Amino acid sequence: MQLVRLTQLAVPVVLAPLALAACGAGEAAGDAGMDASAADSAVIEGPDYLEQLDTVAQYDSLAADVTVKYLARVDGREPLVDADCLFQNSRRFPFHAQFLRRVFPEYSDLSFDTYVEFVLRQATRRAWGGALEWRPRVTHPLSGQAGIYVYYAYQERQPDENLSVSQLVELDRRLKACAPIAASRLVFVPSVLEQEVHVRPLVPELNAAGVAVRFPADLIDRDYEAYSVGESYGYLHVIPAGTAVPEDYGSRDVLVVEGAPPDISTLAGLISTLPQSSLSHTNLRLRERGLPNVLLARAYTDSRVRDLEDRLVHVVATETELTLTSATLAEAEAYWEAHRPMVGPVSSDLNVTALEGMDTLTHEDAIAYGAKAANLGELHAVLPAQNRVEGFGIPFSAYRDFIVHNGLDANITALLADPQVGTDRAYRAEALDDLRKDIRNGAFQPGFFAALDARLREVFGADAATTFIRFRSSTNAEDLDAFSGAGLYDSKTGCLADDLDADTVGPSHCLSAEHRTFIEAELARRRAEQTAHPERWWVADIIADLEDDLTDEKTVADAVRKVWRSLWNLRAYDEREYYGIPHTDVFMGIAVQPTFVMERMESVAVTHLRPDAGDPLYRVVSQLGEVGIVRPIDPGAVPETLTFRRTPAAPNGMSDVRVAIPSSLSPGAQPLYDTAMQAQLGALLFTVHDHFAANVYPQLTGLRLDVEIEVTSDGRIVLKQARPYLGVEP
């Protein structure tokens, strides 16, 4: 069977929280851009739809990256149209409501709410809606045959919307009758966590009725994926499945893990059995150094791993395979010495004391505020108001004054002079932990907090005291031309009203009723996930953070001190050692901005890649809700990868727009950005890239930017960071 696919890895797992109807989120987003794509649909080959699928050629004529959307008749209900099934041309019509509006005149003014009533809700459903996907490497759970057609059934997320055994049997039989090509290979897969939890105990009954079932975690259909190619030497250590990665590993260790952590100290290489976010901080740092980082689904049972565990190894990762061989200490030491990078001293200006606004900061101010804060000023200068962040920077001098005021400069001098800190990593970790505790317990220098309070009220207005404020690390040892330092330092959230209430009792005064409801819903969902999947060790940490969000105070004073103390994180210290950056040169600035809460999506874009002789390629990696990209809290969630070419002559300056990998949290693998949002995002990225290339980094030939993006709860695309991208080409 010849089915062309762009996706090399697609693993639906769970649905992230959104203030949209479950499974309708993608449809809702898509509706916003329907008319904009009308002209494009006319040039896509193939029929608008077919009522039956008898051949591979017919399936291929409708498929968008091996996926075909369907609508099917519901027994005993008035059908939407006079047909048992409609298999829509999913390249021309990515969304059900769009398809119905364009193809059937009686639905030309169909609203999205009406679509939800017709397809997603039990009481009013007139059609089953979902998607078929061809999975060539996954086996049928009943027959054992390799190659299956997965089908998803869309529904609302409330418990009373879950589909019964009889309904799933009806849908299964309907699709088998309408798609003979798939009949013997058809397998139901839940599309949302609530559906998965509901269906798991029903599997024996469904199997007895002829309905084959697999679950999202079963759909890992590729044994190997290289996120960063290269070679290295290190000691191979296996972290057992279901175990968090400890911090006592360093630049001479290669780790085998179940799920890659969102952040990690310097390593020689990483092998995970679950897919990774390609733009996580862990991934960026390993890619920046050209160190091996791969998915090896069977790593825990791989004979090479078993034979070489806890031994010194030579590891080589290419695009197609991983090589692990035993190594001698002489070979390893020669490699380490030859490949040690050197950044050297970094600069700072400690005479600047102003809490400078984003409206006046420029990249030239990085020497006093750090590149993150300074580049936010550059973004502020070129972006529309709705697409930028407002705020101000706290300079390096404030951190220096705090350290001196509390006498901690002597502690730092003693720590750096201690020879055991340099040779014993466990001892170093304990010494740094003691220093961070001293910083967190330190007192602010006279006048600092009063000035910060006044500036917060000046910049954020009457609601400043009850607005969650984000304090983001901005050192002089990150976001550099030749060193990103991604994820080394911490950013924290504070609420000014919590500082002023004369107690330490939560919850935070900035926690709104709407935000509380949002967190409670996510907490309930994560607890259900933990019950259904006790092996997902990371869920416990997510639950703990959500519980803290509901109960804890979040003072501004504590947030500032936590950011300052993160200058002495173990991973940051090790990274500076690795790159030869003197610790005494490094100072912490802070970028201050409102916190994004209940955001719809987070993305990281890389601009102006040149993988070939064609137009520049832009890559956007995105995930729903608050799962995150740069520090994903859920290592089992696969983000969407959207790519497009920058082609000035094309509409919106974009061509070859495609979702190469769908989000595992998106119902039915729906695209996360609709057509209109893609065009808006492209325009913003083009503006930012051109400005930074001409005015910020003119000395960097072939500049590529790493841009962090939020889609806010009210649907705005906000660019919240830009720095040079130092990774390899895709």
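**Exercises on ring contacts, a helix face and a sheet**

The charged end of Arg-561 sits over the ring of Phe-444, 5.0 Å from its centre. The exercises below use a predicted model.

**Exercise 1.** Classify the ring pairs that Trp-564 forms with Phe-402 and with Phe-444, and state which parts of the chain they link.

Solution.
- Step 1. A pair of aromatic rings is described by the distance of the centres and the angle of the planes.
- Step 2. For Phe-402 and Trp-564 the centres are 5.0 Å apart and the planes are at 40°. Planes under 30 degrees apart count as stacked and over 60 as edge-to-face, so this pair is tilted.
- Step 3. Phe-402 belongs to helix H14 (residues 396–405) and Trp-564 to helix H22 (residues 556–565), 162 residues apart.
- Step 4. For Phe-444 and Trp-564 the centres are 6.0 Å apart with the planes at 80°, so the pair is edge-to-face.
- Step 5. Phe-444 is in the loop between helix H17 (425–440) and helix H18 (448–460), whereas Trp-564 is in helix H22, so this pair ties together parts 120 residues apart in sequence.
- Step 6. Ring pairs join these three residues with Tyr-399, Phe-448, Phe-449 and Phe-587 into a cluster.

**Exercise 2.** Decide whether Phe-444 and Trp-564 are buried or exposed.

Solution.
- Step 1. The cut-off for buried is under 20% relative accessible area.
- Step 2. Phe-444 has 16% relative accessibility and therefore counts as buried.
- Step 3. Trp-564, at 0%, also counts as buried.

**Exercise 3.** Work out how the buried residues of helix H11 (residues 329–339) are arranged, and what they pack against.

Solution.
- Step 1. The buried residues of H11 are Ala-332, Tyr-335 and Trp-336.
- Step 2. Viewed down the axis of H11, these buried residues fall within an arc of 100°, so they line one face of the helix.
- Step 3. The exposed residues Ala-330, Glu-337 and Ala-338 are on the other side of H11.
- Step 4. Strand S8 (230–238) and strand S12 (312–317) are what the buried residues of H11 pack against.

**Exercise 4.** Describe the open sheet of 6 strands, its edges and the helix across it.

Solution.
- Step 1. The strand order is S1-S3-S2-S4-S5-S6, and the pairing is mixed.
- Step 2. Strand S1 (49–50) and strand S6 (186–188) are the edge strands, each pairing on one side only.
- Step 3. S1 and strand S3 (residues 85–88) run antiparallel and are joined by 2 bridges. Leu-50 has Phe-87 as its bridge partner in S3.
- Step 4. Helix H4 (residues 96–103) lies across S1, strand S2 (67–73), S3 and strand S4 (127–139), and runs at about 70° to S2.

Terms used:
Residues numbered from 1 in each chain as written. Predicted model: local features only at pLDDT ≥ 70, side-chain atom pairs only at ≥ 80, totals over all residues. Heavy atoms only, no water. Buried < 20%, exposed > 50% of the residue type's maximum accessible area, 1.4 Å probe, protein only. Helix = DSSP H or I, 4+ residues; strand = E, 2+ residues; numbered from the N terminus. Arc of directions from axis to C-beta. Contact = heavy atoms within 4.5 Å. Phe/Tyr/Trp six-rings, centres within 6.5 Å; stacked < 30°, edge-to-face > 60°. Lys NZ or Arg CZ within 6 Å of the ring centre and 35° of its normal. Pairing = 2+ DSSP bridges. Axes fitted to C-alpha atoms, helices over the stretch in contact; angles between N-to-C directions.
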